[in-house]
Amino acid sequence: MAQPHTSALRFTPVWAAAQSIRSGAVTSVDLLDACREAVRDGNPSINALVLADFDRARRTAEDRDRETREGRNRGPLHGIPFTIKESFDVAGWPTTCGNPALRDSIARQDATVVRKLAEAGAVLVGKTNVPLHLRDWQSYNAIYGTTRNPHDLERTPGGSSGGSAAAVCAGMSFFDVGSDIGSSLRNPAHYCGVFSHKSSHGIVSMLGHGTGGGTELPDINVAGPMARSARDLALVLDAIAGRDGAEGDVYRLELPNCPRAHLRDFRVAVLPTHPFAEVDEAVSAPIEALGRWLEREGASVAWNARPDIDAAALWRTYVLLLRASTSQYMPDALFAESQRIATGSAPDDLSYAALQHTGATLHHRDWLALQALRRGFMAAWDAFFQDVDVLLCPAAATTAFPLNEDGEPWQRFLTVNGRPQPLTTQLFWAGHSGLCHLPSTVAPIGRGGGLPVGVQIVARRFHDRTSLRFAQRLEEAGYAFVPPEPIRPVVAHDK
């Protein structure tokens, strides 16, 4: 049987590649060769894949192919090559989160999600790039340099899972697993025109994520898949979900199934922008157009609907808890500086520049008080989802913006509808649902100003299969991944 040329396999979705492996039309080695060719063609310009071991990957792929010939198949990820965000531990490889001081910090064991994917038969290719301390909507650092958007090499692929999105978009891997505490899965998928899923908090172990091995259930932060098909997201989520150790022996995860079979069956709320965090028309217009199309398809659509939540209160609570959660990674000197700045901050200052220091140095008593506010927000979301199945909203305020590595993220601005907006304002679209542990799937819905636009599909807590089903139906209707144009190399100016 003639084997397909590797370039023809490059953008194959996981579900189709898995079918081809089972039928004998392709091998795992064929798929790995397609990834290797894509890395050779695109990575010198895109710089998404920063660590790789193709020799080890080939040995694993050959093992999966031998199992296939023997009639053994580990499931829908059997023999599928994948990459992993640099912040997840892989035994024998460094986990740095972009920090040069941790260049030689070698992981002793695999993160839980890496182990589960290996057990599912997937083939690890390498690690994808991140920003320093995972704190940017771009992906660059002093160790591995700058990652670029495959659709426009002068623009960001997003962050902090920017390398993940760029690698999947360019065909360097069939899927990736990233993390998300501040839209780190959602904005890269939106910027690069791929699919991602921010899982409900707590259903995927975070053990082995971040410097120092991480914790299983950090506040707000979650892991989730990035892929070129919504069907693929569900396959990967099924493989990585579940607890570790004693809890894994006791608790069985059983996510509710989605009862809606067709798009016309869904009750949809559409929120293209928000007064607290204005969205550029290049993003809001395609989301509004999607809502109008859904109306014509027979879906129930509620316009500008949102939960009964004070936006300013949610913003303040989210930023404080976000920075409280990430403070464990701060060096002592930086923590002391945050304590000094927080002491002089005005209580009514809602700017990110002020709240980040207050949050990082939060007293436990104050942290507990914020939990009561969060419970109120969660109750408002529960009430909201009595009337709708999904909320459609932006993942970020603009399309992929030009690379900008000057200063700190909170010192930069975006141009939104012709006016400057602090880059951090778009964190609202992360915290709006993320603070309350809700699942969010991002699906590509077209272009705005020539660049990809995605929609964030938010569902009720633990109803991951609802947002995933909606994304699958959109994809079947034609809202699908579109490969980037062939790469035209640029002169690198990485930091």
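**View 1. K198 pairs up with S440 of strand 14.** That bridge belongs to the pairing of strand 7 (residues 195-198) with strand 14, which is antiparallel and runs over three bridges. A heads-up before going on: this is a predicted model. Strand 14 covers residues 440-448, and seven of its nine residues are buried.

**View 2. Strand 14 and strand 15 form a hairpin with two residues between the strands.** The pairing here is antiparallel and takes in eight bridges. For one rung of this ladder, look at T441, which stands opposite I457 of strand 15. At the hairpin, check the backbone of G449: its phi is positive, near 60°. How many residues of strand 15 are buried? Eight of its eight, so this strand (residues 451-458) counts as mostly covered. Strand 14 is mostly covered too, with seven of its nine residues buried.

**View 3. Strand 11 has strand 15 as one partner and strand 9 as another.** With strand 15, strand 11 (residues 390-393) runs antiparallel, and three bridges join the two. One rung to pick out is C393, whose bridge partner in strand 15 is Q456. Turn to strand 9 (residues 267-270) and the sense is parallel, again with three bridges to strand 11. Here V270 has L392 of strand 11 as its bridge partner.

**View 4. Step back from the strand pairs and there's an open sheet of eleven strands.** Reading across, the order is 1-3-2-6-8-7-14-15-11-9-10, and the pairing is mixed. Which strands sit at the edges? They are strand 1 (49-52) and strand 10 (300-303), each of which pairs on one side only. On average, neighbouring strands of this sheet are turned by 30° against each other, if you ignore direction. The strands of the earlier close-ups can be found in this order as the run 7-14-15-11-9.

**View 5. F481 is tucked away in the segment after helix 16 (464-476), and is buried.** Its relative accessible area is 12%, and the cut-off for buried is under 20%. What does F481 touch? Leaving out residues up to four places away in sequence, its contacts are F11, C169, G193, V194, F195, R228 and P444. F481 and G446 lie 35 residues apart along the chain, while their C-alpha atoms are separated by 9.0 Å.

**View 6. The cysteines make zero disulfides.** Why is C35 unbonded? The closest cysteine sulfur to that of C35 belongs to C169 and is 14 Å away, which is too far for a bond. A disulfide would need the two sulfur atoms within 2.5 Å. C169 is in no disulfide either, and the nearest cysteine sulfur to its own, that of C192, is 5.2 Å away. C35 counts as buried because its relative accessibility is 0%. C169 is buried as well, with a relative accessibility of 0%. C169 may ring a bell from the previous view, where it was one of the residues touched by F481.

**View 7. Helix 3 packs against helix 4.** The axes of helix 3 (residues 28-46) and helix 4 (residues 54-69) come within 8 Å and cross at roughly 155°. The two helices are therefore roughly antiparallel to each other. From helix 3, the contact is made by S28, V29, L32, D33, R36 and V39. Helix 4 brings in F54, A57, R58, A61, E62, R64 and D65. Sorted by class, that gives six nonpolar, one polar and six charged residues.

**View 8. Helix 5 meets helix 8 at a crossing of roughly 110°.** Their axes come within 8 Å, with helix 5 spanning residues 112-119 and helix 8 spanning residues 230-240. Are these helices roughly parallel or roughly perpendicular? Roughly perpendicular, since angles of 65 to 115 degrees fall in that class. V113, K116 and L117 come from helix 5, and they meet V236, A239 and I240 in helix 8. This contact has five nonpolar residues, no polar ones and one charged.

Technical notes. Residues are numbered from 1 along each chain as its sequence is written. This is a predicted model: local features need pLDDT of at least 70, side-chain atom pairs count only at pLDDT 80 or more; totals for chains, interfaces and linings use all residues. Side-chain values use heavy atoms; hydrogens and water are left out. Axes are lines fitted to C-alpha atoms, for helices over the stretch in contact, and angles run from 0 to 180 degrees between N-to-C directions. Helices (H or I, at least four residues) and strands (E, at least two) are DSSP runs, numbered from the N terminus. Angles under 35 degrees count as roughly parallel, over 145 as roughly antiparallel, 65 to 115 as roughly perpendicular and the rest as oblique. Contact means heavy atoms within 4.5 Å. Ala, Val, Leu, Ile, Met, Phe, Trp, Tyr, Cys and Pro count as nonpolar, Asp, Glu, Lys and Arg as charged, and the others, Gly among them, as polar. Buried means under 20% relative accessible area, exposed over 50%, partly exposed in between (1.4 Å probe, protein chains only). Two strands pair if DSSP finds at least two bridges between them.
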